[in-house]
Amino acid sequence: MAAAMAAFRSLRNLLIRRVMAPTPQGLSLSLRPMSSIAQDEASTAAPREAPDHNYESLQVTVAQKHILHVQLNRPEKRNAMNRAFWREMVECFNKIAQDPDCRAVVISGAGKLFTAGIDLMDMASEILQPQGDDVARISWYLRSLISRYQETFSVIEKCPKPVIAAIHGACIGAGVDLITACDIRYCAQDAFFQVKEVDIGLAADVGTLQRLPKVIGNQSLVNELAFTSRRMMADEALSSGLVSRVFPDKVGMLDAAFTLAAEISTKSPVAVQGTKINLVYSRNHSVADGLNYTATWNMSMLQTQDIVKSVQAAMEKQELKNVTFSKL
């Protein structure tokens, strides 16, 4: 332990001198562009079925090393969210959260669109014919049901692995609830987004009204979308901040999403997952509370060997994709 701490202090001092010193002309410490890293990763293995992920409404594959691809997989039903989906998403992301090999996740929709939202035909009996023999008991049942549905998307936010949503075609109703729980959103030019719930006689209740204002930071626009259920097209989604990039088609969008996931997967999992946890916490708390939480978090996480490895790689001009970080 003493030797490790001595090595850490030595590397830290080297890093401080390196940062404070002028950068020699022509020297660059930046890593390669994401595309070259992703191409290297993509060439190592073809996608394969992920073990322990067998679902009716989802397909989960190992897209590249450390990267899982979760597809909404009911293309014949426009990826509408049936009862199996609400259960399986929770199971899927709880497993991903505990998977030491996974460092990033891409969510997309199979077929012609991302999702048409709730499968009303499949869900009608639960929603329109709730259990109970009086108002109190029916209300208690519905509250429990809604809470379970909310967890279907909250589990994405709670998962410490970064989750990238890749949206093409329609993203309607509960689809907006889903993507606002993700960390990063890319879309194809044909994508559109619709907070559809008012058109079926209810207020959105599984995340959109809580997360969308924080995602785009424009309450007036959120109100407009939620009150009218009008479509937001890809260019408006980009300008409002709902998505960070728009691509000409689904193929290019997925390539970019996996490129981004590959870049993230080269970083220290201690650093990346700690960053996500602190970002989510700070979004919902004051600056002072967020700083206090980060200080408490890093009083242990700063002792990781990942810092030593990362600093050493920078000193030796070594790419992070060649550094072996322990599983987390």
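Seven is the number to start with for the rings: the predicted model holds 7 aromatic pairs. One of them joins Phe85 and Trp86 in an edge-to-face arrangement, with 5.7 Å from centre to centre and 85° between the planes. Both residues of this pair, Phe85 and Trp86, are buried. The pairing also reaches further along the chain, since ring pairs link Phe85, Trp86, Tyr149 and Phe153 into a cluster.

Two aromatic rings have a charged neighbour over the face. The charged end of Arg231 is placed over the ring of Phe192, at 3.9 Å from the ring centre. In the second case, Arg245 lies over the face of Tyr186, and here the distance to the ring centre is 5.7 Å.

Phe153, a member of the aromatic cluster, turns up again in the nonpolar interior. The largest nonpolar core has 53 residues, and those touching the most other members are Phe93, Ile107, Phe153, Ile156, Leu178 and Phe193. Ile156 gives a good view of this packing. Leaving aside residues up to four places away in sequence, Ile156 touches Met89, Phe93, Ile107, Val163, Leu178, Ala181, Cys182 and Lys276. Another core lies apart from the largest one; this other core has 19 residues, including Ile164, Ala188, Phe247 and Ile264.

Turning to the strands, one open sheet is built from 7 of them, in the order β1-β2-β3-β4-β5-β7-β10, with mixed pairing. At its edges stand β1 (48–49) and β10 (245–247), each of which pairs on one side only. Within this sheet, β2 (residues 58–64) and β3 run antiparallel and are joined by 6 bridges. Val60 and Val70 can serve as a landmark here, as Val60 stands opposite Val70 in β3. Arg245, the residue over the face of Tyr186, falls in the edge strand β10 (245–247).

A further open sheet is formed by 3 strands, in the order β6-β8-β9, and its pairing is mixed as well. Its edge strands, β6 (170–172) and β9 (232–233), have a single partner strand each, so one side of each is left without a neighbour in the sheet. Strand β6 runs parallel to β8 (residues 192–194), and 3 bridges join the two. Ala170 has Phe192 in β8 as its bridge partner. Phe192 therefore brings two features together: the bridge to Ala170 in the sheet and the charged end of Arg231 over its ring.

Which backbone angle do Asn79 and Lys317 share? Phi of Asn79 is near 55°, a positive value in a residue other than glycine, and phi of Lys317 is likewise near 55°. Their surroundings can be set side by side. Asn79 is found in the loop between β3 (67–72) and α3 (83–97), where this residue is buried, with a relative accessible area of 3%. Lys317 belongs to the segment after α13 (305–315) and is exposed, with a relative accessible area of 59%.

A word on confidence rounds off the picture. The mean pLDDT of the chain is 88, and 86% of the residues reach 70 or more. Over residues 16–44, however, the pLDDT is below 50, although this stretch has 32 contacts in the model beyond near neighbours in sequence. Where pLDDT is low, the predicted coordinates are not to be read in detail.

Methods. Residues are numbered from 1 along each chain as its sequence is written. This is a predicted model: local features need pLDDT of at least 70, side-chain atom pairs count only at pLDDT 80 or more; totals for chains, interfaces and linings use all residues. Side-chain values use heavy atoms; hydrogens and water are left out. Helices (H or I, at least four residues) and strands (E, at least two) are DSSP runs, numbered from the N terminus. Buried means under 20% relative accessible area, exposed over 50%, partly exposed in between (1.4 Å probe, protein chains only). Rings of Phe, Tyr and Trp (its six-membered ring) pair if their centres lie within 6.5 Å; planes under 30 degrees apart count as stacked, over 60 as edge-to-face and the rest as tilted. A charge sits over a ring if NZ of Lys or CZ of Arg is within 6 Å of the ring centre and within 35 degrees of the ring normal. Two strands pair if DSSP finds at least two bridges between them. A nonpolar core is a set of buried Ala, Val, Leu, Ile, Met, Phe, Trp, Tyr and Cys residues joined through side-chain atoms within 4.5 Å. Contact means heavy atoms within 4.5 Å. pLDDT is the predictor's confidence in each residue, from 0 to 100.
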